[in-house]
Amino acid sequence: MSAGLRARRAVETMKEYHPPLGGRDGLRLDFNENVDGCSPRVLETLRAMTSETLNRYPEREGGEAAAARHFGMPAEAVLLTNGVDEAIHLLAETYLEPGDEALLAVPTFSMYEIYALATGAEVRTVQSGAGLEFPAEGLLRAITPKTRLICIANPNNPTGAVAEREELLAIARAAPQAAVLVDEAYIHFGGESVLDEVGRVENLFVSRTFSKAYGLAGFRLGALLGPAAQLKMLRRVASPYNVNGIALTCLRAALEDGEYIRGYVAQVLEGRGRLESFYRERAIPYWKSEANFVLAYFGEYRQALVAEMRRRGILVRDRNSDPGCAGCVRITLGNTEQAERLLRELPEALASIGFAAQARPAKERA
Ligand SMILES: Cc1ncc(COP(=O)(O)O)c(C=O)c1O
């Protein structure tokens, strides 16, 4: 009798990951997307699109040349991907063998762990301290000869914390046998980029997404920048048609409309300042953020708060199960009008659930 079809052991032992997407009606302040829109130039390009864009296989190279000019890099140093998610997947597929180690500072973006585990590699994590700051020293200590992939979100999700440039470079230097990804998904909102080091540091990769500041999460478009010799290896693994023709056709319009990005980012930063002031006034513990969201501690009230905000048409994200984030809720900032609505509804929601601010108990700290 046949043993039947079984997934690889690494896959069978993985947990399922379903982002809680179902029924996201209302103001979506739960996924860190741009909830304002996208550049009007992208919409114009979409409207002018002909069936040619749809009926031909998409050619990534033109888009890579445009992205390369935008980033001031040679085209061989740019790989366009199906969102940063795919960039992470390709790095894991290219560098990790079963038994190798992927190293992560937690809490962080969940897809790093998922793609690493799927290869059969082991995931080593370094927990951030009570301040949820970037644990540079801990990461340096955790590097072993088996470390083959290190993923660092800068600024980090869900904490909004940033890593210093020197810390990132020291980690890359300390693990020359590892691909070091600095994921700059939120770099428009804060933190210092290390893009200028790509090509100089032989194992350093930087990823950028079009899902956040650019407002194009539905396009699934990301860029991975890295040493040309290494990207050559990743291109072997990538599908030649990984980025769809519609996204590729609109890429230039998105990149060229710096004015749209600057306007949106300015609104997010203003809203972030106002939300942080609100938390301070109400003595609600929060973590200073350099991204388009703020993580705060609501303790035993967090589920009621998420539910009450949903009832009021605003989705916010429960981060209780992230390591070191018990009792925490993350709220994304949108445009000025959306920040106004948030800051009107949040105090009312807190009042209606009978919220009383509380310090974060030591046992819930990392
Ligand atoms: C740090 C980080 N990287 C990457 C992504 C995903 O980006 P993309 O939509 O380009 O796949 C996210 C989305 O939440 C994120 O938080």
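These questions and answers walk through a predicted model, from its domains to its helix pairs, ligand shell and unusual backbone spots.

Q: Into which domains is the chain divided, and how many Å separate their centres?
A: Domain 1 covers 9-33 + 259-364. Domain 2 covers 40-257. Taken over C-alpha atoms, the centres of domain 1 and domain 2 are separated by 25 Å.

Q: Which element gives the largest share of the side of domain 1 that touches domain 2?
A: The contact takes 28 residues from domain 1 and 30 residues from domain 2. On the domain 1 side, the elements that give two or more residues are α1 (9-12), α11 (258-281) and β10 (293-297). The largest share is seven residues, and it comes from α11.

Q: How many residues on the side of domain 1 that touches domain 2 are nonpolar?
A: Sort that side by class. Four residues are polar and seven are charged. The nonpolar residues number 17.

Q: Why do α2 and α10 count as roughly antiparallel, and what is the hand of their crossing?
A: Helix α2 spans residues 40-47 and helix α10 spans residues 245-256. Their axes come within 8 Å and cross at roughly 160°. Angles over 145 degrees count as roughly antiparallel, so this pair gets that label. The crossing of α2 and α10 is right-handed.

Q: Which residues of α10 make the contact with α2?
A: From α2 come R41, V42, T45 and L46. By class, the contact of α2 with α10 has five nonpolar, two polar and two charged residues. The α10 residues are T249, C250, A253, A254 and E256.

Q: Why is α12 described by its angle to α13 as it is, and what is the word for it?
A: Helix α12 (residues 302-311) and helix α13 (residues 336-352) have axes 9 Å apart. They pack at an angle of about 125°. That angle falls outside the parallel, perpendicular and antiparallel ranges, so α12 is called oblique to α13.

Q: What is the hand of the crossing of α12 and α13, and which residues of α13 make the contact?
A: α12 passes α13 in a right-handed crossing. The α12 side of the contact is L305, E308 and M309. By class, the contact has four nonpolar, one polar and two charged residues. The α13 side is E345, A349, L350 and S352.

Q: Which residues of α6 make the contact with α5?
A: α5 and α6 pack at an angle of about 35°, with axes 9 Å apart. Their crossing is right-handed. α5 brings D85, I88, H89 and A92. α6 brings M111, Y112, Y115 and A116.

Q: How many charged residues are in the contact of α5 with α6?
A: Group the contact by class. Six residues are nonpolar and one is polar. The charged count is one.

Q: Which helix gives the most to the shell around the ligand?
A: The ligand is surrounded by 13 residues. The closest are G83, D85, N157, T209 and S211. The helix that gives the most spans residues 83-95 and supplies three residues: α5.

Q: How many polar residues are in the shell around the ligand?
A: The shell has five nonpolar residues. Two more of its residues are charged. The polar residues number six.

Q: Where do P107 and P155 lie, and what kind of peptide bond leads into each?
A: P107 is in the loop between β3 (101-106) and α6 (111-118). P155 is in the loop between β5 (147-153) and α8 (165-174). Omega is near 0° from V106 to P107, and about -5° between N154 and P155. Each of these two bonds is cis.

Q: Which residue other than glycine has a positive phi near 55°?
A: Most residues other than glycine have a negative phi, so a positive value stands out. The residue with this value is found in the loop between β4 (122-127) and α7 (136-142). It is L132.

Key. Residues numbered from 1 in each chain as written. Predicted model: local features only at pLDDT ≥ 70, side-chain atom pairs only at ≥ 80, totals over all residues. Axes fitted to C-alpha atoms, helices over the stretch in contact; angles between N-to-C directions. Helix = DSSP H or I, 4+ residues; strand = E, 2+ residues; numbered from the N terminus. Parallel < 35°, antiparallel > 145°, perpendicular 65-115°, else oblique. Left-handed = near helix turned anticlockwise from the far one by under 90°. Contact = placed C-beta atoms within 7 Å. Nonpolar A, V, L, I, M, F, W, Y, C, P; charged D, E, K, R; others polar. Near = placed C-beta within 6 Å. Domains from an automatic or database assignment.
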